[in-house]
Amino acid sequence: QFYYPLLNRAVVPTLGLSYAEYRLSWSNDIAHTRAAVLSSTVRPWPTFSFDLEFQWLNNRIVQSDVRFLVRMNYWFTEQLNLFQ
């Protein structure tokens with residue numbers, strides 16, 4: 001996995017790749033799985049951020065699974081200063 005903060009951490013793009021080999025039992029052949037994720041966190045203000053994420057998975061059972069996720073976060077503790 002690789003990420004690189006940009007613009008004073010206001011934008012953080014991420015790239016992740018994985019590969020694995022496994023057996024469901026000793027009598028089965030070796031199976032392979034591949035996965036990738038491409039995402040970015042965007043933080044326009046210190047208390048608000050949102051994430052955009054693209055995921056891809058390929059294995060023996062799932063030939064091609066693609067997902068796109070969007071998350072929004074609001075940090076109440078930064079606004080209220082409860083833990084200072």
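The following paragraphs lead through the strands, the charged pairs and the nonpolar surface of this predicted model.

The model is predicted, so local features are given only at pLDDT of at least 70 and side-chain atom pairs only at pLDDT 80 or more, while totals for chains, interfaces and linings use all residues. Residues are numbered from 1 along each chain as its sequence is written, and side-chain values use heavy atoms, with hydrogens and water left out.

The architecture is best approached through the sheet. Five strands form an open sheet in the order β1-β2-β3-β4-β5, with antiparallel pairing. The edge strands are β1 (2-3) and β5, each of which pairs on one side only. Strands here are DSSP runs (E, at least two residues), numbered from the N terminus, and two strands pair if DSSP finds at least two bridges between them. In general, strands of a sheet pair through backbone hydrogen bonds, either parallel or antiparallel.

At one edge, β1 pairs with strand β2 (residues 11-22) in the antiparallel sense over two bridges. In this pairing F2 stands opposite L15 in β2. Further along the sheet, strand β3 (residues 31-45) and strand β4 (residues 48-58) are antiparallel partners over ten bridges. These two strands, β3 and β4, form a hairpin with two residues between them, and T41 stands opposite D51 in β4. Strand β4 also pairs with strand β5 (residues 65-74), again in the antiparallel sense and over ten bridges. Here the hairpin connection from β4 to β5 runs through six residues, and F48 stands opposite Y74 in β5.

S49 offers a view of the surroundings of a residue within strand β4. S49 is buried, with a relative accessible area of 1%; buried means under 20% relative accessible area, exposed over 50%, and partly exposed in between (1.4 Å probe, protein chains only). Leaving aside residues up to four places away in sequence, S49 touches T41, V42, R43, P44, R71, M72, N73 and W75, where contact means heavy atoms within 4.5 Å.

The loop between β2 and β3 holds R23. With 40% relative accessibility, R23 counts as partly exposed. R23 touches N28, D29 and I30, again not counting residues up to four places away in sequence. A polar atom of the R23 side chain lies 3.1 Å from the backbone oxygen of N28. R23 and V70 are 47 residues apart in sequence and 33 Å apart in space, C-alpha to C-alpha.

The charged side chains come next. The structure holds three salt bridges, a salt bridge being a side-chain nitrogen of Lys or Arg within 4 Å of a carboxyl oxygen of Asp or Glu. D51 forms one with R71, the closest N and O atoms being 3.5 Å apart. Because D51 lies in strand β4 and R71 in strand β5, this pair ties together parts that are 20 residues apart in sequence. E53 also forms a salt bridge with R71, with the closest N and O atoms 3.0 Å apart. E53 lies in strand β4 and R71 in strand β5, so this pair ties together parts that are 18 residues apart in sequence. D51 is buried at a relative accessible area of 12%, and E53 is buried with a value of 12%. Salt bridges that share partners join D51, E53 and R71 into one network. R71 itself is partly exposed at 34% relative accessibility. The side chains of R67 and D65 meet in a further salt bridge (2.9 Å, N to O), and R67 is partly exposed, with a relative accessible area of 46%.

The surface also carries a nonpolar patch of about 1,200 Å², made by F2, Y4, L6, L7, L15, L17, L38, L52, F54, V66, F68 and V70. Patches are made of residues with over 30% relative accessible area and no salt bridge; like charges are joined within 9 Å, and nonpolar side chains (Val, Leu, Ile, Met, Phe, Trp, Tyr) within 5 Å. The accessible areas come from the Shrake-Rupley method with a 1.4 Å probe, and for residues only the protein chains shown count as cover. Strands β2, β4 and β5 each supply at least two residues of the nonpolar patch, and β5 gives the most, with three residues. V70 is placed in strand β5 and is exposed, with a relative accessible area of 52%.

Technical notes
Helix = DSSP H or I, 4+ residues; strand = E, 2+ residues; numbered from the N terminus. Polar contact = N/O pair within 3.5 Å; in protein donor to acceptor, adjacent residues only side chain to side chain.
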